[in-house]
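This report walks through helix packing, buried sites, backbone outliers and ring contacts. Please keep the sequence and the model open beside it.

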Amino acid sequence: MPVEIEVRGTIVPDGDKWIYDYFEQPCTTAADIRNKIRSANGDVLEVSVNSPGGDIFVASEIYTALKNYNNVKIKVTGLAASAASVIAMAGYCEMSPTAQMMVHNVWTCQSGDYRDMDSASESLKKANRSIANAYCVKSGMAMDAALKMMDDTTWMTAQDAKALGLVDKVLFDVDDEEGFYQNQLFNSVLKENAKAMYAAIPRLSPGVIAKMKESREKAPDKNENPENKLKALVDQNIESAKAYLNYLKLKGNVKND
């Protein structure tokens with residue numbers, strides 16, 4: 001029996017999943033994928049991708065896990081953007097004719113002086129080359145071509161992605177050579193709509209995630225047994241009552257039994 005894996009929402013580190021769950025926002029972690037792979041027992045993995053991307057190192061971990069499995073079938077059903085496009089490179093890939101793929105340069109946040117900025121720039125260039133390897137391995141394109149595609153923030157229809165070798169087939173046997181989906185005006189409108197929708201996708205900012213983690217650290221231990229807390233409160237009140245009773249006895253207001 002095929003094992004279904006869904007890559008949905010933002011791709012995030014394992015430790016951030018609870019924050020997305022709290023806000024009822026979809027997300028995918030490497031742990032989600034690892035657990036599915038462990039349960040597959042050699043059966044084919046059917047991976048469905050509809051994600052705006054996220055953490056490139058998590059995406060790299062997922063890509064590597066899927067490539068190591070060697071029995072993977074991927075379908076891009078909606079959006080495979082940014083880091084999610086890397087995951088789509090991990091095996092035989094089909095793409096819906098209504099779906100979109102987007103590749104771009106790696107992003108980061110940095111503060112500091114010019115030396116910090118220079119260092120960040122060099123790190124980003126190296127990260128770009130690492131990510132570009134996924135596109136090169138899948139399609140056979142040269143590294144320079146992959147990097148240029150990323151520099152240009154390239155949006156692709158299913159036919160565009162197939163022409164570049166990034167996907168193996170367009171779903172539903174849509175004619176890849178000519179016809180409705182090859183209309184340049186249609187493709188242009190489709191890509192512009194995709195850009196607008198991508199910009200409108202809700203994302204949890206690093207500031208929100210940091211505040212949620214800080215709040216959790218300051219919160220009472222979630223593993224603390226409520227019964228133990230109640231018992232401690234009762235014991236404390238009993239001791240206070242005994243002390244007050246002894247005080248009254250000393251004043252003579254209460255007679256000893």
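**Helices α5 and α6.** The interface between these two helices comes first. From α5, the residues N128, R129, I131, A132, N133, Y135 and C136 meet M143, A146, L147, M149 and M150 of α6. Contact here means heavy atoms within 4.5 Å. Helix α5 covers residues 114-139 and helix α6 covers residues 143-151. Their axes lie 9 Å apart, at an angle of about 110°. That makes α5 roughly perpendicular to α6. On this scale, angles under 35 degrees are roughly parallel, over 145 roughly antiparallel, 65 to 115 roughly perpendicular, and the rest oblique. Axes are lines fitted to C-alpha atoms, for helices over the stretch in contact, and angles run from 0 to 180 degrees between N-to-C directions. The crossing of α5 past α6 is right-handed. A crossing is right-handed if the near helix is turned clockwise from the far one by less than a right angle, and left-handed if anticlockwise.

**Basis of the model.** The model is predicted: local features need pLDDT of at least 70, side-chain atom pairs count only at pLDDT 80 or more, and totals for chains, interfaces and linings use all residues. Residues are numbered from 1 along each chain as its sequence is written, and side-chain values use heavy atoms, with hydrogens and water left out.

**Overall make-up.** The protein chain has 10 helices and eight strands. Helices (H or I, at least four residues) and strands (E, at least two) are DSSP runs, numbered from the N terminus. The chain holds 257 residues, and 37% of them count as buried. Buried means under 20% relative accessible area, exposed over 50%, and partly exposed in between (1.4 Å probe, protein chains only). Take the contacts between residues at least 6 apart in sequence: 65% of these join residues at least 24 apart.

**Helix α3 and its partners.** Helix α3 spans residues 56-69 and packs on α5 at about 30°, with the axes 12 Å apart. That makes α3 roughly parallel to α5. I56, Y63 and K67 of α3 make the contact with A127, I131, A134 and V137 of α5. This crossing is left-handed. I131 of α5 thus appears in the contact with α3 and also in the one with α6.

Helix α2 (residues 30-40) also packs on α3. The two axes come within 9 Å and cross at roughly 10°. That makes α2 roughly parallel to α3. On the α2 side the contact uses A30, I33, R34, I37 and A40. On the α3 side it uses V58, E61, I62, A65, L66 and Y69.

**Buried sites with distant partners.** L166 lies in the loop between α7 (158-163) and β8 (169-170). What is its relative accessible area? The value is 0%, so L166 is buried. Leaving out residues up to four places away in sequence, L166 touches M89, M101, Y135, K138, S139, M141, M149, M156 and A161. Two of these also appear in the α5-α6 interface: Y135 on α5 and M149 on α6. L166 and V86 are 80 residues apart in sequence, yet 10.0 Å apart in space, C-alpha to C-alpha.

M102 is found in strand β6 (residues 100-103). Its relative accessible area is 1%, so M102 is buried. The C-alpha atoms of M102 and T157 are separated by 9.0 Å, with their positions 55 residues apart along the chain.

**Positive phi outside glycine.** N70 and S82 are listed below by phi and by loop.

| Residue | Phi | Loop |
|---|---|---|
| N70 | near 65° | between α3 and β4 (72-81) |
| S82 | about 55° | between β4 and α4 (83-88) |

Are these residues buried or exposed? N70 is exposed, at 67% relative accessibility. S82 is buried, with a relative accessible area of 12%.

**Ring contacts.** A search of the whole structure finds one aromatic pair. The rings of Y22 and F23 have centres 5.2 Å apart and planes at 85°, so the pair is edge-to-face. Rings of Phe, Tyr and Trp (its six-membered ring) pair if their centres lie within 6.5 Å; planes under 30 degrees apart are stacked, over 60 edge-to-face, and the rest tilted. Y22 is exposed, at 57% relative accessibility, whereas F23 is partly exposed, at 34%.

The charged end of R115 sits over the ring of Y114, 5.7 Å from its centre. This label requires NZ of Lys or CZ of Arg within 6 Å of the ring centre and within 35 degrees of the ring normal.
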